[in-house]
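Here is a short tour for a newcomer. Keep the sequence and the 3D view open while reading.

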Amino acid sequence: MSIVSLEFSDSSWQLNETHFSALNVLVGVSGTGKTRTLNALRMLRRVGLKGARNVPSFFWKMQFSIEGHSYQWKGEIQSKSEETIWSDRSHWNDEKQNENAIFLNEYIKKDGVMLVERDHSTGVFLFKDAVLPTLKWTESAITLLADESDLKPLQNTLQCIVSSDESPMWYFSFSPFPHFIGESLSELQSATQLPLVVRAKELQDRYSDRFNEIKSDFIDTFPFVEDVRIVSVQEYFPQKKNTPFDIWTIAVKERDVQEWIAGNDLSTGMLRTLKLFLELALVPKGTLFLIDEFENSLGINCLPQVADIVNRRQGDIQFILTSHHPYVINNIPWTAWKLVTRQGSVVTIRNASEIPALQTSSSLDRFYLLINTPEYQEGIL
């Protein structure tokens, strides 16, 4: 699957229709809307799968390519004011919270044919022209009709939007540990409901060649590292045991150092690099992988290896990244760059290949050509 285009607007900003390819690096000065674009995708994943509770009002239109079919999903969510949502904390666990936001309207097309048409103002809910009974307006049609074969691919697609910025405490899991019962690596990659460290443990135990590739990449990045494992805290770090439960955690062995280092004692850069390596090995084909500020918390020595893995997996994973770092930008094909600019509250994203100054055979660094173009320097108007 892939996201072909996105249009989004709320009370504070508007994203003009933007088209995406397999690999997309959003570049531009700070404040233009790069992170907001990723947040819009996260928001749409959330409302599509978990409903519209406690979200602000917004409009969206998305185009997908799924298994040779074209899907369009668009709609509008209407909410109480954000002030009400965020200040009225006494009702967060009350049934009244369900009224905070609703799907005002929602439309889904497959290959140009309307599948879903619903409008809260009229109370009409149509599926393939059949009138449905009143269903929860807080839930998306994708969730309400998830068992319908024509809509199941959309639900699967939203589940495959993965953000590397989520789950910061990813490197341990308490027992009793969840178990993976699949029979193949592809099934393990698709078991995204399991914590990352649990899937990494299964990768280590069942698919050691693949795990050793990750370990090799990590050691190439940090040459002072000798070994990496997913281990039992009770076995490797008994002095750290402070609960009656065992814990699986990342453990790193450095050269000429006798003791192993537990995940929570590793540097932020080492943890984030290893997390990216594991995520990129363990997400299924068809994933849309979001990384905001690619270089954040990564040392310069980490960037070559991570950028190389991104380039390796771009054939079966769609990437939308943001970055300011010249190394990252220059080591991803310039045809994947997308320049983000903002005029007032309106954000526009366009392909770098459309910028005349970059249409050159010059050996000059294209990143420096980019940041000196009028298109880049106008940034925010």
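Two aromatic rings of Phe, Tyr or Trp, the last by its six-membered ring, form a pair if their centres lie within 6.5 Å. Planes under 30 degrees apart count as stacked, those over 60 as edge-to-face, and the rest as tilted. By this rule, Phe 8, Trp 13, Phe 58, Trp 60, Trp 73 and Phe 103 are linked by ring pairs into a cluster. The model shown is predicted.

## Overview

The protein has 13 helices and 18 strands. Of its 381 residues, 51% count as buried. Its accessible surface is about 17,700 Å². Carbon and sulfur atoms hold 49% of that surface. Contacts reach far along the chain: among those between residues at least 6 apart in sequence, 62% join residues at least 24 apart.

## Aromatic rings

Searching the whole structure gives 11 aromatic pairs. Two of them are set out here.

| Pair | Centre to centre | Angle between planes | Class |
|---|---|---|---|
| Phe 8 and Trp 13 | 5.8 Å | 35° | tilted |
| Tyr 236 and Phe 237 | 6.4 Å | 50° | tilted |

Why does the pair of Phe 8 and Trp 13 count as tilted? Its planes stand at 35°, and tilted covers what is neither under 30 degrees nor over 60. Phe 8 and Trp 13 are both buried.

The other pair is mixed in its cover. Tyr 236 has a relative accessible area of 24%, so it is partly exposed. Phe 237 has 2%, so it is buried. The cut-off for buried is under 20%.

A charged side chain also meets a ring. Lys 74 lies over the face of Tyr 107, 5.7 Å from the ring centre.

## Strand β4 and its neighbours

Strand β4 covers residues 58-66. In a regular strand, side chains alternate between the two faces of the sheet. Which residues of β4 make up its covered face, and which its uncovered one? Phe 58, Trp 60, Met 62, Phe 64 and Ile 66 form the covered face. Phe 59, Lys 61, Gln 63 and Ser 65 form the uncovered face. Phe 58 and Trp 60 are also members of the ring cluster.

β4 pairs with strand β1 (residues 2-10). The two run antiparallel and are joined by 8 bridges. Ser 5 has Gln 63 of β4 as its bridge partner.

β4 also pairs with strand β5 (residues 69-79), again antiparallel, over 9 bridges. Here Met 62 stands opposite Trp 73. The hairpin of β4 and β5 has 2 residues between the strands. In this hairpin, Glu 67 takes a positive phi near 50°.

## The nonpolar cores

The largest nonpolar core has 65 residues. Phe 218, Ile 250, Leu 278, Phe 289 and Trp 337 touch the most other members. Helix α9 (residues 268-282) gives the most to this core: 9 residues. Apart from this core lies another, of 43 residues. Phe 58, Phe 103, Ile 108 and Leu 288 are among its members.

What does Trp 337 touch, beyond residues up to four places away in sequence? Its contacts include Val 25, Ile 329, Arg 350, Leu 358, Phe 367 and Leu 370.

## An enclosed helix

Helix α6 spans residues 196-206. Of its 11 residues, 9 are buried, so the helix is largely enclosed by the rest of the structure. Charged residues are included: Arg 199, Lys 201 and Glu 202 are among the buried ones. The buried residues of α6 pack against β11 (172-174), α5 (185-190), α7 (208-221), β12 (225-232), β13 and α9.

Two residues show the partners of α6 in more detail. Ala 251 lies in strand β13 (residues 247-254). Its relative accessible area is 0%, so Ala 251 is buried. Beyond residues up to four places away in sequence, Ala 251 touches Asp 227, Val 228, Arg 229, Val 231, Phe 237, Trp 260 and Ile 261. Ala 251 and Val 233 are 18 residues apart in sequence and 9.1 Å apart in space, C-alpha to C-alpha.

Glu 213 lies in helix α7. Is Glu 213 buried or partly exposed? With 47% relative accessibility, Glu 213 counts as partly exposed. Glu 213 and Ala 281 are 68 residues apart along the chain, and their C-alpha atoms are separated by 9.6 Å.

Note on methods. Residues are numbered from 1 along each chain as its sequence is written. This is a predicted model: local features need pLDDT of at least 70, side-chain atom pairs count only at pLDDT 80 or more; totals for chains, interfaces and linings use all residues. Side-chain values use heavy atoms; hydrogens and water are left out. A nonpolar core is a set of buried Ala, Val, Leu, Ile, Met, Phe, Trp, Tyr and Cys residues joined through side-chain atoms within 4.5 Å. Buried means under 20% relative accessible area, exposed over 50%, partly exposed in between (1.4 Å probe, protein chains only). Helices (H or I, at least four residues) and strands (E, at least two) are DSSP runs, numbered from the N terminus. Contact means heavy atoms within 4.5 Å. A charge sits over a ring if NZ of Lys or CZ of Arg is within 6 Å of the ring centre and within 35 degrees of the ring normal. Two strands pair if DSSP finds at least two bridges between them. Accessible areas come from the Shrake-Rupley method with a 1.4 Å probe; for residues, only the protein chains shown count as cover.
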